[in-house]
Amino acid sequence: MGEIDVKLKDVILKTIILKLLNDKETYGSKLLNTLDNISKGYYKLSEGSLYPLLYKLEEDKLIENYWSTNEEGNMPKKYYKITKLGKEKLKKQLEAWEIFKQRTEHIVK
């Protein structure tokens, strides 16, 4: 993976996490698996990379967490969900991404 790939991925990763949490509240390891599966391995993160991003999104009030057990009553897990502020930020980021994508594709084609 080239240097530009790493920088681009870092810039958009928070938006992707917000989008996934907007689609469904989930816990960290499930978020990692979903991200890996949807991106076909392109966004394969370790827990050590994901959790600092989640903590930053929480600090910025874009997501929040809560503890819950699943249907089988297993040990509680920390779930994450997007906040109203996070939804507003996501909407703006997706609009900005669309403009960026269109203008960039126009230039490089």
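User: Where does Lys61 sit?
Analyst: Lys61 is in the loop between H3 and E2. Keep in mind that this is a predicted model.

User: What is phi like at Lys61?
Analyst: Phi of Lys61 is near 65 degrees. That is a positive value in a residue other than glycine.

User: Is Lys61 buried or exposed?
Analyst: Lys61 is exposed, because its relative accessible area is 56% and the exposed class begins over 50%.

User: Which residue has a positive phi of about 55 degrees?
Analyst: That is Lys40, which is not a glycine either. Lys40 lies in the loop between H2 and helix H3, and H3 covers 47–59.

User: And is Lys40 buried or exposed?
Analyst: Exposed, with a relative accessible area of 77% for Lys40.

User: Let me step back. How many helices and strands does the protein chain have?
Analyst: The chain has four helices and three strands. Along the sequence they follow the pattern α-β-α-α-β-β-α.

User: What box do the C-alpha atoms fill?
Analyst: Roughly 55 × 30 × 20 Å, taken along the principal axes.

User: What share of the residues is buried?
Analyst: Buried residues make up 28% of the 109 residues in the chain.

User: Now the sheet. What is the order of its strands?
Analyst: The order is E1-E3-E2, in an open sheet of three strands. The pairing is antiparallel.

User: Which strands are at the edges?
Analyst: Strand E1 (26–27) and strand E2 (63–68) are the edge strands. Each of them pairs on one side only.

User: How many bridges join E2 to E3?
Analyst: Six bridges join E2 to E3, and the two strands run antiparallel. E3 spans residues 77–82.

User: Which residue in E3 stands opposite Glu64?
Analyst: Lys81 does.

User: Switching to pockets. What is the volume of the largest pocket?
Analyst: The largest pocket has a volume of about 220 Å³.

User: Which residues line the largest pocket?
Analyst: From the low numbers, Leu8, Val11, Ile12, Thr15, Ile16 and Lys19 line the pocket. Gln93, Leu94, Ala96, Trp97 and Phe100 complete the lining. The elements giving two or more residues to this lining are helix H1 (3–23) and helix H4 (84–108).

User: Which element gives the most to that lining?
Analyst: H1 gives the most, with six residues.

User: What is the lining like by class?
Analyst: It has eight nonpolar, two polar and one charged residues.

User: Lys19 is in that lining. Which residue does Lys19 form a salt bridge with?
Analyst: Lys19 pairs with Asp23, and their closest N and O atoms are 2.7 Å apart. Both residues lie in helix H1. They are four residues apart, about one turn of the helix.

User: Why do such pairs form?
Analyst: Side chains of opposite charge can pair when their charged atoms come close.

User: How accessible is Lys19?
Analyst: Lys19 is at 34% relative accessibility, so it counts as partly exposed.

User: How many salt bridges does the structure hold?
Analyst: It holds six salt bridges. One of them joins the side chains of Lys44 and Asp36, at 3.2 Å from N to O. A polar contact of 3.2 Å also joins these two side chains.

User: Where is Asp36 placed?
Analyst: Asp36 is in helix H2, residues 28–38.

User: Why does Asp36 count as buried?
Analyst: Asp36 is at 18% relative accessibility, and buried means under 20%, so Asp36 falls in that class.

User: What about Lys44, buried or exposed?
Analyst: Lys44 is at 61% relative accessibility, so it counts as exposed. This salt bridge therefore links a buried Asp36 with an exposed Lys44.

User: One last thing. Which residues are linked in a network of salt bridges?
Analyst: Lys56, Glu59 and Asp60 are linked that way. Within it, the closest N and O atoms of Lys56 and Asp60 are 3.1 Å apart.

User: How accessible are Lys56 and Asp60?
Analyst: Lys56 has a relative accessible area of 32% and is partly exposed. Asp60 is at 32% relative accessibility and counts as partly exposed.

Methods:
Residues numbered from 1 in each chain as written. Predicted model: local features only at pLDDT ≥ 70, side-chain atom pairs only at ≥ 80, totals over all residues. Heavy atoms only, no water. 1 Å grid on protein atoms, 1.4 Å probe; cavity = no way out; pocket = protein on both sides within 12 Å on 5 of 7 lines; lining within 4 Å. Points joined across faces, edges and corners; volume = space filled by probe spheres on them. Nonpolar A, V, L, I, M, F, W, Y, C, P; charged D, E, K, R; others polar. Pairing = 2+ DSSP bridges. Salt bridge = Lys/Arg side-chain N within 4 Å of Asp/Glu carboxyl O. Buried < 20%, exposed > 50% of the residue type's maximum accessible area, 1.4 Å probe, protein only. Polar contact = N/O pair within 3.5 Å; in protein donor to acceptor, adjacent residues only side chain to side chain.
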